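Please open the model in your viewer and keep the sequence panel beside it, since each stop on this tour begins with a selection.

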Amino acid sequence: MNKIYNNLTVDNLIKTEWFNQFTSSEQEEIRKGLATNIDVSIYTDLEFNWKQMKEIRLGLEKKLDVSIYAKTEYDYEKMYQIRTGLEKGLDISWYANSEYSWEQMSEIRLGLEANLDVSVYAKIDFNSVQMNEIKWGLEDNLDVSLYANPEVPSLKMKEIRLKLLKESTLK
């Protein structure tokens with residue numbers, strides 16, 4: 001932990017005014033990053049809270065391309081979804097869009113993990129519950145085109161999906 005940053009040892013760096021501008025939780029994330037010799041300058045932005053800093057730090061520690069999500073437009077939950085997708089080698093371009101809620105991102109990520117055709121529901125017009133209904137239909141090999149429409153409320157989607165599932169088991 002004796003690495004030098006701008007001619008300061010880590011111990012001296014944490015005694016500076018620069019370091020003191022961060023909350024104690026943020027300081028802890030900086031300390032953890034310094035302890036693992038990662039470039040903490042990537043996440044030592046006062047616009048990031050400690051949870052965002054943690055997601056960036058965890059990505060850096062796993063040698064991920066954090067530039068994809070180390071942006072203030074992503075809250076920590078969205079950062080988590082992107083980081084998890086990167087860790088799993090998924091094509092996160094399907095959901096690395098700040099317009100999605102973290103719940104929508106999660107549904108798309110889970111669909112990618114299950115090798116589903118997420119193009120059916122990876123659309124901003126679907127809410128996360130609708131996405132979930134479509135994802136379940138795809139998992140059961142149902143014809144989701146019968147309900148994959150943003151105009152169809154999620155409860156109606158569920159009703160249609162369950163009817164299709166029942167019909168498919170009767171065949």
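The stops below go through one buried threonine and then a series of salt bridges.

This is a predicted model, in which local features need pLDDT of at least 70 and side-chain atom pairs count only at pLDDT 80 or more, while totals for chains, interfaces and linings use all residues. Residues are numbered from 1 along each chain as its sequence is written, and side-chain values use heavy atoms, with hydrogens and water left out.

**Stop 1: helix 5**

Select residues 76-87, which form helix 5, and find Thr-84 within it; helices here are DSSP runs of H or I with at least four residues, numbered from the N terminus. Is Thr-84 buried or exposed? Thr-84 has a relative accessible area of 6% and is therefore buried, given that buried means under 20% relative accessible area, exposed over 50%, and partly exposed in between, with a 1.4 Å probe and protein chains only. Now show the backbone oxygen of Tyr-80, which lies 2.8 Å from a polar atom of the Thr-84 side chain.

**Stop 2: from helix 5 to its neighbours in sequence**

A salt bridge is counted when a side-chain nitrogen of Lys or Arg is within 4 Å of a carboxyl oxygen of Asp or Glu, and by this rule the count comes to 14. Select Lys-62 and Glu-87, whose side chains meet in one such bridge at 3.8 Å, N to O. Lys-62 sits in the loop between helix 4 (50-61) and helix 5, whereas Glu-87 belongs to helix 5, so that the pair links distant parts of the chain, 25 residues apart. Glu-87 is partly exposed, at 33% relative accessibility.

Next select Lys-88 and Glu-113, which form a salt bridge with their closest N and O atoms 3.4 Å apart. Because Lys-88 lies in the loop between helix 5 and helix 6 (102-113) and Glu-113 in helix 6, this pair ties together parts that are 25 residues apart in sequence. Lys-88 is partly exposed at 48% relative accessible area, and Glu-113 is also partly exposed, at 31%.

**Stop 3: helix 8**

Move to residues 154-170, helix 8, where Lys-163 and Glu-167 are four residues apart, about one turn of the helix. Their salt bridge has its closest N and O atoms 3.8 Å apart. Lys-163 counts as exposed at 54% relative accessibility, while Glu-167, at 37%, counts as partly exposed.

**Stop 4: a network**

Finally, select Glu-29, Lys-32, Arg-57 and Glu-61 together, and you will find them linked in a network of salt bridges.

Definitions and conventions
Helix = DSSP H or I, 4+ residues; strand = E, 2+ residues; numbered from the N terminus. Polar contact = N/O pair within 3.5 Å; in protein donor to acceptor, adjacent residues only side chain to side chain.
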